[in-house]
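I opened the notebook to record what I looked up here. The topics are enclosed empty spaces and one pair of helices.

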Amino acid sequence: MFQRWRGQNQHDCETLDHDKMIKDLRVAIGPLSARAKKFCTDACLKRYLEARNWKLEKAKKMLEETLEWRSHYKPEEIRWDEVAQEGETGKVSRASFIDRVGRHVLIMRPEKQNTKTGDGNVRHLVYLIENAILNLPEGQEQMTWLIDFTGYSINASNIQLKTSQDIVNVLQNHYPERLSNIILYNPPKIFQAFLKVLSYFIDPKTYLKIKFAYPNDKASVQLMKSCFDIENLPSEFEGKANLNLKYNHEEFSKLMDEEDIKTAKFWDSRMILMMRQRQTVIVSPQWNLKHYDK
């Protein structure tokens with residue numbers, strides 16, 4: 001299940017008719033429900049084909065597994081009030097700065113891990129990924145992860161290997177080609193051994209996106225410059241911007257409550273119709289879409 005696979009020869013990939021393969025994949029997966037159809041854009045199908053080196057049957061299997069997962073897990077129905085407890089310490093949040101090409105940045109701070117519930121950690125992360133995707137600029141498909149290990153002690157960590165495996169599996173199986181870079185900033189040296197164990201569960205293409213960066217290290221400074229505009233990058237990460245990165249849970253919760261309304265509007269056309277009819281609709285943060293496409 002977790003075996004690594006080799007990529008297809010690059011020349012072979014370049015000779016493929018990508019547009020035709022996207023159409024072929026759409027035909028192969030057959031009729032879709034309203035939400036599944038909204039999920040399966042041409043860009044989405046392309047990501048699944050790329051993740052499986054443009055092998056139609058493998059991409060079809062991967063996409064079908066994601067659609068099955070989404071029909072049960074319902075990531076688009078997760079609301080902030082359900083995962084807010086996981087986010088109280090700011091262990092994962094959306095950064096106020098972007099990377100060099102305009103991609104959103106998710107900052108993870110393992111030192112601020114506050115719960116032992118594997119399912120809760122995964123659900124909280126899925127919520128933030130879904131939100132980040134909805135906020136990607138037009139034409140942008142990927143985001144950057146910046147994992148800040150400052151102050152982290154592996155002995156005090158509540159994160160278990162199984163939780164890490166679950167997070168990796170969700171990311172690479174259901175959000176393929178969504179990560180541009182995964183930057184591990186100031187990790188303890190022992191983490192390289194931990195990552196080596198975890199590497200057996202990571203797609204080789206994803207593994208190549210993982211980069212290590214350390215404070216006051218020339219190579220790391222160059223890495224950060226290649227990924228970020230140093231003028232806009234906070235000084236905590238070798239940048240020149242004097243930004244306050246202190247997490248404010250109350251302010252972030254207000255933002256996420258507003259984002260929940262945007263999410264509901266995006267996934268449910270009935271919500272849009274209601275908004276048009278009533279012009280102004282006040283939606284509680286606890287409101288959930290109960291009627292998933294049958």
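Before writing down any volume, I noted what a cavity is: a set of grid points where a 1.4 Å probe fits but cannot get out. The model I am reading is a predicted one.

Entry 1, the cavities. I looked up how many cavities reach 30 Å³ or more, and the structure holds two. The second largest encloses about 60 Å³ of space. I listed its lining residues as Pro75, Glu76, Ile78, Arg79, Tyr127, Glu130, Asn131, Leu134, Asp260 and Thr263. Two elements, α7 (118-134) and α12 (249-267), each give two or more residues to this lining. I then checked which element has the largest share, and it is α7, with four residues. Sorted by class, the lining of the second largest cavity has four nonpolar, two polar and four charged residues.

Entry 2, the largest cavity. I wrote down about 170 Å³ of space for this one. It is lined by 16 residues, and those closest to its centre are Gln172, Tyr175, Pro176, Glu177 and Thr206. Which elements supply at least two residues each to this lining? I found α8 (161-174) and α10 (204-207). Helix α8 gives the most, with three residues. By class, I noted seven nonpolar, three polar and six charged residues in the lining of the largest cavity.

Entry 3, a pair of helices. I turned to α4, residues 42-51, and α5, residues 56-73. Their axes come within 8 Å and cross at roughly 120 degrees. Are the two helices parallel or oblique to each other? Angles from 65 to 115 degrees count as roughly perpendicular and those over 145 as roughly antiparallel, and the crossing of α4 and α5 is at roughly 120 degrees. I therefore entered α4 and α5 as oblique to each other. I also looked up the handedness, and α4 passes α5 in a right-handed crossing.

Next I wrote down which residues make the contact. From α4 they are Leu45, Tyr48, Leu49 and Ala51, and from α5 they are Leu56, Ala59, Met62, Leu63 and Thr66. I sorted the residues of this contact by class and got eight nonpolar, one polar and no charged.

Entry 4, a look back. I set the class counts side by side. The contact of α4 with α5 has no charged residues. The lining of the largest cavity has six charged residues, and that of the second largest has four.

How values were computed:
Residues numbered from 1 in each chain as written. Predicted model: local features only at pLDDT ≥ 70, side-chain atom pairs only at ≥ 80, totals over all residues. Heavy atoms only, no water. Axes fitted to C-alpha atoms, helices over the stretch in contact; angles between N-to-C directions. Parallel < 35°, antiparallel > 145°, perpendicular 65-115°, else oblique. Left-handed = near helix turned anticlockwise from the far one by under 90°. Contact = heavy atoms within 4.5 Å. Nonpolar A, V, L, I, M, F, W, Y, C, P; charged D, E, K, R; others polar. 1 Å grid on protein atoms, 1.4 Å probe; cavity = no way out; pocket = protein on both sides within 12 Å on 5 of 7 lines; lining within 4 Å. Points joined across faces, edges and corners; volume = space filled by probe spheres on them.
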